[in-house]
Structure formats: C-alpha cells, structure tokens
Amino acid sequence: MNHSSDSSPLSVSTDYISASANRHSCASDSSGSLVAFGSSKFVALWSASEDQNSGIHQTLPGHDGLVTCVRFKLGEGCFLSADDKGYLRCWRLENNKWVSTGVLHAHKKAISALCVFGDCVATGSSDATITVWRHIPSTENMKDELQEVQRIDLKGRYPLDIQIATLPESDNVIMAVSATERNISIFTRSEEQFVRAASLPGHEDWIKSLAFQQGVAGPAVLTLASGSRDGTIRLWNIEKLVKEKKESSDQIADPLSDDLLDSFEAALGDIAEGEEGGRQISMKRHVMTIRNKSGSLLQYSITFDALLIGHEAGITSLTWRPSPLECTPCPMLLSTSTDSSLILWAPSSITASAGGESTSLWINQQRFGDIGGQRLGGFVGAVWTRDGADVLAWGWNGGWRRWSSQADSDSNAELWKEVSAISGHRGSVRGISWSPGGEYLISTGPDQTTRIHGSVNARSPNAPESWHEICRPQVHGYDLIDAVFLGPTRFTSIADEKVARVFEAPQSFVSLCQNLSILPDIEDKSKRPMAASVPPLGLSNKALSGVDSTEPHFPLPSASMTQRRPFEGELAVSTLWPEAEKVFGHGYELHAIAVSHSGKYVATSCRASSPEHAGIKVYDTRTWQPYGQTLQGHQLTVTRIAFSRDDRYILSVSRDRTWIIYQAEDDGYVAITADKSHTRIVWDCAWAHENDVFATASRDRTVKIWNLRDLTAKKKTPLVTIKTKEAATAVAFSPASGSRRRLLAVGMENGNILIYSSSIDMPEKWIDQIYLDKSIAHVDQIHRIDWRPQKPNLENTKDSQLATCSEDGTLRILHVRL
C-alpha cells in the first residue's frame, strides 16, 4: 500500500560537523579563506571567512589512512592530500563540489612530507625516500595523472619537510629537504633531475619545518627559514655570487667585519659558557654551481643570516605571511611551537655604530597562545588565511584557535585579537544525547572530555542555525563512555571507571546560554557556583564560587566570556561543571547508562562476563540510592538500556544476544519478558515515541521491530525484520509528524545510515526512504544516533534533526526534511 503521499521523498542536508585536526604539521593548508585540513581519514573543508560563525561545511571521504599532508596548488581550484598508508589524492572543485580526480599509491609507507610547486609534486615518506612527480591535469575527463620523475634515497633518514622555490634571477629550481638529522639538504635541478648541492649545518636537533620567501633581504635574494626541535629558527640567504674586484673590497670591508665578528663570537662564548657545548655560529658561505637553460654556469652562495631565539621548546611549523599585492609590508614569519605559543617575527632596522649603516634585526612582533602555560603538546601547526589577515593554529588536541588583525589608526601598527574558531573530539565519539528540550547536545569520547554543542545564533529567528561547541564540562582522567541529561542543567556521565558522576551547571554556563538565547529563563534561582576546577591529582571537579577559591590554573570566567562562545583555550579550563554526586554500586567499569523521561531514575550497567555482574542498577535521582532490586536476567555485558516514553518499561539488550523488558511495580522494576532471536551481539535498542513498538539492532545485520502488545505470547515474532547490508550498530525513532508518519534511522558498522518511514496506524509496514552514504554520513562504525526532541510549538513541521557520532571522530547533525 505505497501511497504516493506516504513515500514522499526525504531530503537530507548537513547542519553541523564537529571534527578535530590531525597531529601532523603539514596536515592543513589554506587558499583565500578556505582551509582544508586532515581530520582522521577525512579532508575537512572550513570556510574561515569574516563570519566567525562559519564551521566545517564538508568532509571529503576517500583516504583509508589518517590524512597527514594537505597542499593547495596555487591559482587552481585543486589540492593534493596524502595519508599514512602511502596514498596521494588529487581533488578539484567542479560545480561548487570538491571531487577526487586521481589517486596514486605513491609509497609503501606513510607519507610525511608533501610539496606542490607548479606542476612539480614532491612526496617524502617514512620509507626514507623522496619521490618527485609531474602533475598532469587532464581537462577532458577530469582525471589528474602523476608521473614519476625521480626517486631520491635519503639513506635511512626520514623526511620531515620539503620545500621548492625558484632561484633569484634565474628560472632554475632549488629544493630544501629536512630529515631526521641536524643538517638541511639543498638540491638543485639540472635536466629534470634533482642533484644534491649543499648541506647546511647549524641546528642542534632535527629540523621540523622549512619555508622559502623571495625579497625578504633584498629584491634578488631568496630567504630560507628553518625551524628546529632545538627551539631556534635560522634564516639563510641564497643569492647570486658576484665576483668583485679583490683589492678595493679588501681594504674597506675586511677589518670592519673581522673586528665585528670577533667581538660577536667572544660575546656568544661568554653567554654560552654555563650551558653545555655553547652555540657555534658558522658564517661559512656555501657555494653551488648551476647550469641554466642556455648552458652557461651560474654560481649561488648560501649564507647564514639570522638566529631567531624566543620559543622555549621545539618549533613545529613555520610559514611566511602572504603579502597583499597593493602594499608590500615588511616580511613576517609565523612560528608555532610545543611551548603553546605562536610568534610573529619581523625585521626592524637598526643603525649600526660603525659607518652609520643600517642592519636589520629580527624581533618578536607579537606572541599568541598561552605564555608559560605548558599545555600538553602545544601547537602542531598554523596557516594564514584571508591573504594574511588572520592566523589560524591547531593544537595537540586538534582544536583550532584564530587571531584576526585590525589596523590601529593611531599608531599605524596592527592590533591582533582572538576570535572564535572550531573544535571537535580528538579520536572517536562514543556517546551523544540531547537535553530534554532539545536545546543542546552532549557528546563524550575516549579523548577524556565531555562537550556540549549548541546553536549560537538562536537570537535572530531568521538566521540559519550555527552550531558550535559551547562548553566542555568534564575533562577527565578516564576515557568517557556516555553521558545523559537529567534536566537542562544537570547531567550524569560514565567513564572507564566503576562510578557514575553527576554534574550541575555553574552560573557562567547558565548566563552564557541565556545571553546566546539557547536556554529560556530557568525557574530555579538557586545559588550556583561560578565555575569549577580540577585539583592537580584529582578526578572530581570542585566548585569555584568567589575570588578566594580560585586556582591558578583555572581562572574564573570573565564577564566577556558569557557574551560570546568560548575559545578553545577557555573551553579547556574555564567551562568545567562542578561535580555534585558520585554513584557507586558496580563491580566493573561502567558500559551503559539511561535516564527516565521524567528525570526521576537513572539506570546503569557495567562490563560483565558472568550473570552476577550483568545486572542493571536503577537509582532514584533525588537521593541517589538504589531503587528496587538489581535487574537480573542477562548473562553478559548489557550494551544499551532504554526507558519507554511513559517510563513504565525498561528495555535492555546485551552481548548475550537477548533483549529483556522490565515493568515498573510499586518498589522497582521486574522482568516480564525476554527473547533471543538475534544470532549475534545486539548493539542498540529504541522505543517509539508513541510507546507502541520498539526496535533492536544487531551485528547479525538485522533490525527487528516488535509490538509491545504481543509480548504476552509464548512465541514472540517481530512485526518486521529489516535486513541491512552491514551490521546495524545504532537505531532511533523520530517523533511522529503532523501527518502521523514517523521515521526510523539505522546506523551501520561502515558508517552509512538508512532512514525508513511508517505510518503510526501501520507499524508493520516500513518503507525504505533514503540511504545516506559516506559523502554525507560517516566512514566508520556509528556509535549512536539520536533525533532532536521537537519543541512543542514545532510539532507540525516536516523538519527534524538527527545527531550521529562515529568511530571516525566526527559528530554530525543532519537536517531531514519530509
């Protein structure tokens, strides 16, 4: 009975993608305001325009390994990405959609460095080779081809960065390579082949990043910046060697430069006496000879120019500021470091005492990040966007921070201020749950954080929703499994430990949500603490109320923080929620949690290999005492627990392939029926909002829908069995729409999502509506899916939102329109 109105087509679009950046300093690149970065196995696209509310608008699936390098090809709508399985992919923009136009297995091992220079592409891999390719774009069939030109053996060294540039006053090309050694290798190209021309010593540790820039030290000089794990940056000047007349130059220049150098080296020796070894500065000129296209020989010299000292730990990336064409401001170098800071370096000219000449000295113009605060891992890398107007940097945990420059009219200097960026879980996302009114979404993951995501421009009713992380209430010492809301300002979470923890919102979160119009006015005017902190060796968040109880690491939220969404650095320390209660009772690590729709009861289960531990404990949320007896019946770990909409029943599914229904009695819940018709582990279960049917999803590639009224029968048969192509790992019912139709979403082990629809009056008939593949859904196992609760005034709309989370590290909110 497929009426045309019944099977009206669904359209699905993406409202929100939360994802983190990979821990590789080459994993991101920008073109204009578009930032492309590796996030797990995806390439994520973020339009970092002036509108600070923009987020990730697309993720490009295709790689099987973690994406390690992304590089744009200048002047074309094209970029290349590489992964840790040795594959290289080309992407092109066609009709406003990015599509993969070529894939190549470039190396047997992970690709660690990638450079794109015109049609020349160089890849460096942990198989200790660099391969140079010619990129041949084909316009007819939109396929990109890469031809191998040369393979360079690094003799067991592992390449960390590769940069290519054109030599000054020549059409020849120079390649600089840094590997797991202290020297920089310089290659020049002769007859299509790169040959080793020089080796630049000086650094005391591996060199993580290189960057070329023309015109820094003069119009005919190419400058190479190198940043090392020893915490220093060196600048090298590459210029044409001009043979001058010997006599005249000797008489003037040598005494002066010798005296200067002697005093300089003596001063350096004094400074370095106390340290081990002392820094040696070699002013040696490296000369290389190159044959140009016409056949004549040219000589170039490479000299050490400047040593930039300012970071307290190793340098992770260097990038020169792209200069806008209208004005040529002074050159600027951006460096990031594991000391949690970014520095902008620029030359400032000083007049030398001898002879009145002016020399340039590189000084630290601006410093961003956390000064002195040793945050774990610091910054991994940074990119410039909007032609050098913004700096974007991502940290060890994958969250982004962003600074924007404004010209100061008075002093003619630039003013930098931090603005909002994007964030996501580092690693997989295990649990998600909507607040009871659907105002925001909570997510948990093995990165040991709990995060709350909300729509930040709910103020303006006509503006599209813009979702972002607004709070990180729990930063824990154990991997988090799941969290559920007990009310708009209370939630309880479980981690890889035997206790569940209950959290109450601090005043700063309530103020933020009211200022951003996320929450309506909350009735209870109880006195809330301002914020929370974690003791240095503790796991429990302690309440902070006034000035007396501040901890040095956990500053109280400032007044401005409740007017806008917090930045990544603030989310980590200033948005914690105080812990109100611990709930004990289980003998092993907790595995599943559910809350009743009235908020009165919470049910938990733990990992179990025997029936005695496979029980479900129900707690009263007013006293946190057990409510009734432990619910027995399962043999192995209970994987999911669900309360029916009227809280009369509890449904549980388990690794032992059974489901059990418990019914509410006067003093607790008791088992009334069970079934073992699935043949593999049952991952998930869900109740329909109308309380008439429930669904179970299993690894046996079926989703079974059961009628509550049939439970008294001896032989239980499902109303309908939906067969899926892959193991079904998550399932959820949407509330019925005005036309009495409801949707069932099924998440699968390969990351795809199926949506079925049915009429309330015919629960035995489900129509396959839409299949969401990896282009809009996930690429790895889906852990949870959850429909957003409808606001009472929106019940007749045809729009609903589906939140999904997966092993692939992304959390998504999909907009489903009937």
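T804 has R812 as its bridge partner in strand β58. This pair belongs to the contact between β57 and β58 (residues 811–817), two strands that run antiparallel and are joined by 7 bridges. The model described here is predicted. The points below cover the surroundings of β57 and then an open sheet that includes β14 to β17 in its order.

**Strand β57 and its partners**

- Strand β57 spans residues 799–806, and 7 of its 8 residues are buried, so the strand is largely enclosed by the rest of the structure.
- A residue counts as buried when its relative accessible area is under 20%.
- Strand β56 (residues 782–787) also pairs with β57, in the antiparallel sense and over 5 bridges.
- Within that pairing, A803 of β57 stands opposite D786.
- The hairpin of β57 and β58 has 4 residues between the strands, and G809 takes a positive phi near 90 degrees in this hairpin.

**The open sheet of 4 strands**

- This sheet has the strand order β14-β15-β16-β17, and its pairing is antiparallel.
- The edges are formed by β14 (159–166) and β17 (193–200); each has a single partner strand, so one side of each is left without a neighbour in the sheet.
- On average, neighbouring strands of this sheet are turned by 25 degrees against each other, direction ignored.

**The pairing of β15 and β16**

- Strand β15 (residues 173–179) runs antiparallel to strand β16 (residues 184–190), and 5 bridges join the two.
- I186 in β16 is the bridge partner of A176.

Key:
Residues numbered from 1 in each chain as written. Predicted model: local features only at pLDDT ≥ 70, side-chain atom pairs only at ≥ 80, totals over all residues. Heavy atoms only, no water. Pairing = 2+ DSSP bridges. Axes fitted to C-alpha atoms, helices over the stretch in contact; angles between N-to-C directions. Buried < 20%, exposed > 50% of the residue type's maximum accessible area, 1.4 Å probe, protein only.
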